[in-house]
Amino acid sequence: MFLEIRNKEIFKQAQHYALEYLESVFERNVFPTEEAINNLSIFEEELPVDSSKAEKVLEQLNQYGSAATTATLGGRYFGFVTGSAIPIGLAAKNIGTYWDQAAAMNVMSPLSSKLESVVEKWLKQLFGLPGETSAGFVSGTSMANLCGLAAARYRLFKNNNWDINQKGLRNAPLIRIVTGKHAHSTVLKAISILGLGQENIEWVDVDEQGRIRPELIPELDENTILILQAGNVNSGAFDDFHSICIQAKKANCWVHIDGAFGLWAGAVEKLKYLTKGMEDASSWAVDGHKTLNTPYDCGIVLCADEEALTSALHTSGSYLIESRERDGMFYTPEMSRRARIIELWAIMKYLGKKGIDEMILTMHQRSKQFAEEISEIRGFEVINDVVFNQILVRCETDEITSQVLNNIQNLRECWLGGSEWFGKKVMRVSICSWATTEKDVSRSIASFKKALEMKNP
Ligand SMILES: *Cc1c(COP(=O)(O)O)cnc(C)c1O
């Protein structure tokens, strides 16, 4: 039965479904209907004893699966910070899927090794990072934060003559961690996984936009990891790297920047003032799958201390074949890993520097448009400075805000989530899709208006 691979029909069938999906996704309801969600119960079954026909498997997946997806590819999904995917990225990923390359070692896939080297260079130039910076291609910023902080941990202990890989944490010298009160939860998770302990964090207060307050940062030293943020997950605000990194460099401390979506501001001529000074950090975490709109499962750790990164993530084994070319596994926690570099390369090659600049600047402009149009409607208020792509909207009271958000979600014209901002309920709009047009914004604003009117039927 596995010989069905010779039968091109299932690939054609899959391609047919995929294209059908792409044709409808920009117009369909942004969130699945109740019915589609209820129908997912079709998948609840014991592992079948008998094998199924391949086309039947695809048929079920398409019929019940596709209806229960969220239309994140389209232009009116504003939830979390969810990028769309540029078509060329999906197409390249599709080819890469059939190649099924493991990106662990050069000898396993010379192609992914080459593309990783090339994209590493492109990223360094685009963000203006130090020449000695290396990149690891991971699943997302959660993992990139973990890798950057693992490199930091390795280096600071090493400077104290403590090899963390060999000696572990017991009786280890003290490492300080300093970060802002709005650090992303994945930063905290990395601190936990690395055994550094959240209780050991020296928390720094933030200003009304969620930026770390530089004047409150405690005295830094060579045993400190300072974690900053390019793009607050609610307000989109950027820490003041320029003043902070100079101070940190003098103190010889390690600065890690969580720039999941915001680091990309550094690639845009009109927005790069936001990341000024970030090149003086030691490690950076950024996503491809948010602002750059690669398909999902694409994050990058960048580290100016290659030895620290590769030592922190080192793998050895007598059967491994190290190459003089790049062996991707030394820069990531995994050994086997799909060659996600294929679609990242394709998107960067396709857009070029100008295309990246234009796409991200457009997201910013749509965000400004959104903020302006929603502010004109009585009953809505924008409560953050829209410096990048995040807009925090509030109604008169917490209760109304929650109710209106609920109505917006039920209307399914657009989708967004809620959050809390300094103790108040807010609606959180994140514009990070290449597909969001001016019309999409206006259409979504109309849905906000309708949702507000529905409040008291
Ligand atoms: C999304 C996000 C993360 C986590 O990234 P994933 O790609 O989801 O793992 C970390 N930090 C910030 C600021 C984010 O917005």
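Q: How does the lining of the second largest pocket divide by class?
A: Sort residues three ways: Ala, Val, Leu, Ile, Met, Phe, Trp, Tyr, Cys and Pro are nonpolar, Asp, Glu, Lys and Arg are charged, and the others, Gly among them, are polar. Here the lining has 8 nonpolar, 3 polar and 5 charged residues. Of 16 lining residues, Asn252, Cys253, Trp254, Val255 and Ser282 are closest to the centre of this pocket. This is a predicted model, where local features need pLDDT of at least 70, side-chain atom pairs need 80 or more, and totals for chains, interfaces and linings use all residues. Numbering starts from 1 along each chain as its sequence is written, and side-chain values use heavy atoms, without hydrogens and water.

Q: What separates a pocket from a cavity?
A: On a 1 Å grid over the protein atoms alone, a cavity is a set of points where a 1.4 Å probe fits but cannot get out; a pocket is an open set with protein on both sides within 12 Å along at least five of seven lines; lining residues have an atom within 4 Å of a point. The largest pocket is lined by 29 residues. Nearest its centre lie Ala14, Tyr17, Ala18, Tyr21 and Leu90. Its lining has 16 nonpolar, 12 polar and 1 charged residues.

Q: Which residues line the second largest cavity?
A: Among them are Ala103, Met105, Glu116, Arg326 and Arg337. The lining divides into 3 nonpolar, 5 polar and 3 charged residues.

Q: Which residues lie nearest the centre of the largest cavity?
A: Thr179, His182, Ala183, Gln229 and Asp239, out of 15 lining residues. By class, 6 are nonpolar, 6 polar and 3 charged.
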